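Dear colleague,

I am handing over the structure below, and after it you will find my notes on what was found. Please read them with the structure open beside you.

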Amino acid sequence: MAIQTPVLRTVGLGKTYTDFWGRPRLAALKDLTVEVRPGEVFGLLGPNGSGKTTTIKLLLGLLRPTSGDAFVFGCDPGDRVVKQRIGYLPEETYLYKFLTADETMSFFGRLFGLDEATIRTRSDTLIRMVGLEHARRRHLGEYSKGMARRLGLAQSLINDPDLVILDEPTSGLDPIGSAEVKDLIVRLKQSGKTVLLCSHLLADVEDVCDRIAILHQGSLLEVGSVDELLRNDDRQVVELRAPDAAVLEAVRSAAGDHLVSVAPPRERLESHFRRIIAAAGSQGTSRS
Amino acid sequence: MKGLVAVARLGLKEALRARLWLAFVAAGVVLMGLGLRLGAVDEGARLKLAVVGVMGAMGFVVILLAILAGAQQIRRDLDARVAFLLFSKPLSRLGYLVGRWLGVMIGLLIGILALAAVGTGVIALTFDRTPEPAAVVTPSTWERVSALGERTPIATDAQRQSLTGPVGDGIRWTLTNLPSASPEGIPLLVKAMVRGTDPTVMVDECLVSIDAAPSLDASPLVLTVDSDSPYGGSLPGQVLLRHRDVNRDDHRQDFVRLLIPPAAVAPDGTCLIRLTRLDARPLVVLTKDTSVMVTGDGGGLYVNLVRGGLVLLAVAGLLASATLVVAVVAHLGVSLLAGLTLYFAGSLLWTLQEALIYERLSAPVRRLMELALVLVPDFDRFTVAARLAAGHGIPWSVVGEAWLAYGCYTVVFLAVAWIMLVRKEF
Ligand SMILES: Nc1ncnc2c1ncn2[C@@H]1O[C@H](COP(=O)(O)OP(=O)(O)OP(=O)(O)O)[C@@H](O)[C@H]1O
Ligand SMILES: [Mg+2]
């Protein structure tokens, strides 16, 4: 396989916020060097105020670095050709309250220079995908936080971007929505897109990301593939299907001192929630 | 470019949904109320007031909205951080700014067209007729001519000339670019201030003769007073001028009407008009621009209101761009204050001019005021309301002149706003 240029590359990237007079106030990001390769889902983790959003803004050319360089598709982040290929969902949803969902989609579509037909077909698909067909003609001023978030997600994909930057995409979404976002990220990856994901929901990150970087107070603590970082070679998990007491006893005695615990696995709350909501939904539709 | 159009359309949609157009509706309602309740001495004066009212209402709404709309939209984008999302798209900051400005301008233009229609309608209904503003050609040069035919140039900054000396003295104006004459001739309007030389004797009339020639060599043709002239007398070859103050400028009432025969106009539209004083007692005061003029069809009232509105729109464009500059860096309140301040400063330049002439000022203050006169745009330069009230049409050339004069400022302001927006981080 030919060596591909990384989709995102930062070299010693740093940002120090200054006050009105230009005096340095806070080093929000220090000496960040990472690469995101094409087709990868890359997670950016870190506690509040660790510099995740700052990094994203630097990569979008909304902030100018105080040190180092950032490259997107090998170009300067401010380049309009680059922006043509990016979809971005900000950490809070900033949209025009006086527009409807349809109008919002076509406004952003026009910013990308898309023609009306393309805008219409794409926004149909995207609005259906985020589950807002019933509200597409309502003004966003009437939207709930989660609905606005869903529309924010839809608008970030109007240009069929090669790189999708999602800053806490699941904030404000119900569990179904969060799960759908996760599915969406997987689908984006399958269709060859690159995704940069910021999230505090570590389980989500673990499920969908190929590689992650962990920031703390503006410094990079760790970067690597999820498997590498989470793998624990000291332990092994053995799963048994429908074991009876005799089988369990045999396992216990065979394991001897190595045994840590034997217990039925717990379903994860997320999959449980999704299952019962799906069941209730199908009941509801069969009743009506 | 696509982004620019998208932003302009967005601005229009917002103005519509935020019901900014209600300001225009309110102005229209006020106009109608005014039209019904106008009280003035005679119908001519009431008609004048009505025209001034329409232009005034238009100016008020257009200027206020120009200052408000753009600044408010930019401020909202920055404060509510929609700008993050906008500038993460391939939208240039210049495209964004110009789009915002253009959105405001197009919205105002629609308002102007609507308000001009309402104004014309109200005037037509109230008065059963609409004034027909005339296309006016004023003289390009003038000179004094003695009884013996000697010509004396007049200083370029002189606004008035009085004829006092021996009978037979006169003034010759050169009119250029006259419209092509119809067979019955081109209507010429003449008025003057007439005063007695002896303050104890009341004089307000003077007998003069007025002739016209296509060139200096051609023999002049004496003009006769038209039958529908409000005054002027019926002596053949002579005109009885009545005193009219400078500010009396109703085409229908204040001017003697004469007809210039086609033979007195050169093929290139040049015509020399000479006024000769025939009466020794009165003193006749004449001006270069307002004593003699040729009028033609200036289009209907609606078209002229719209052209007047376009002149206002040029002022509005300047104010909008200036407010945008401030809005990029300061709060909405500060931006609005800045826009209004600029408007008042530019409307009060004449006070500076008066102060410079009449006050004893220290040199630095004087220098400062002179600088202000050069730098601050003069919003009183095109007095469209007064022109229309006087029956003068607003030609396209005035609209063009206004856009040129104010457009320079607008371009500079937009450029400054752009530089500041490019330097801005989000
Ligand atoms: N415009 C700004 N001016 C000054 N400081 C800022 C600005 N924006 C962010 N910061 C500071 O920079 C640091 C990093 O902020 P950033 O928004 O990148 O954090 P984050 O990792 O995205 O946090 P969160 O998880 O809360 O979204 C914080 O300490 C924050 O206070
Ligand atoms: Mg953040």
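A residue is called buried when its relative accessible area is under 20%, exposed when over 50%, and partly exposed in between (1.4 Å probe, protein chains only). This is a predicted model, in which local features need pLDDT of at least 70 and side-chain atom pairs count only at pLDDT 80 or more, while totals for chains, interfaces and linings use all residues. Residues are numbered from 1 along each chain as its sequence is written, chains are lettered from A and ligands numbered from 1 in the order in which they are written, and side-chain values use heavy atoms, with hydrogens and water left out.

Helix 3 of chain A (helices being DSSP runs of H or I with at least four residues, strands runs of E with at least two, both numbered from the N terminus) covers residues 101-111, and because 11 of its 11 residues are buried, this helix is largely enclosed by the rest of the structure. Among those buried residues are A:Asp102, A:Glu103, A:Phe107, A:Phe108 and A:Arg110. Their cover, judged by contact (heavy atoms within 4.5 Å), includes helix 4 (116-129) and helix 5 (145-155) of chain A, together with helix 1 (2-17) and helix 4 (82-87) of chain B. After helix 3 of chain A comes A:Gly113, whose phi is positive, near 75 degrees.

The structure holds 31 salt bridges over all chains, a salt bridge being a side-chain nitrogen of Lys or Arg within 4 Å of a carboxyl oxygen of Asp or Glu. A:Asp102, from the buried helix 3 of chain A, is linked with A:Asp124, A:Arg136 and A:Arg137 in a network of such bridges. In chain B, B:Glu143 and B:Arg172 meet in a salt bridge at 3.2 Å, N to O; this pair joins strand 2 (residues 141-145) to strand 5 (residues 170-175), 29 residues apart, and both of its members are buried. B:Asp211 and B:Arg274 also form a salt bridge, at 2.9 Å, N to O, which links strand 8 (residues 205-213) of chain B with strand 12 (residues 271-277) of chain B. B:Asp211 counts as buried because its relative accessibility is 7%, whereas B:Arg274, at 24%, is partly exposed.

Which side chain of opposite charge is nearest to A:Lys57? It is A:Glu91, 5.7 Å away, and A:Lys57 is buried yet has no salt bridge (Lys and Arg count as positive, Asp and Glu as negative, and His and the chain ends are not counted). A:Lys57 lies in helix 1 (residues 52-59) of chain A.

With kind regards
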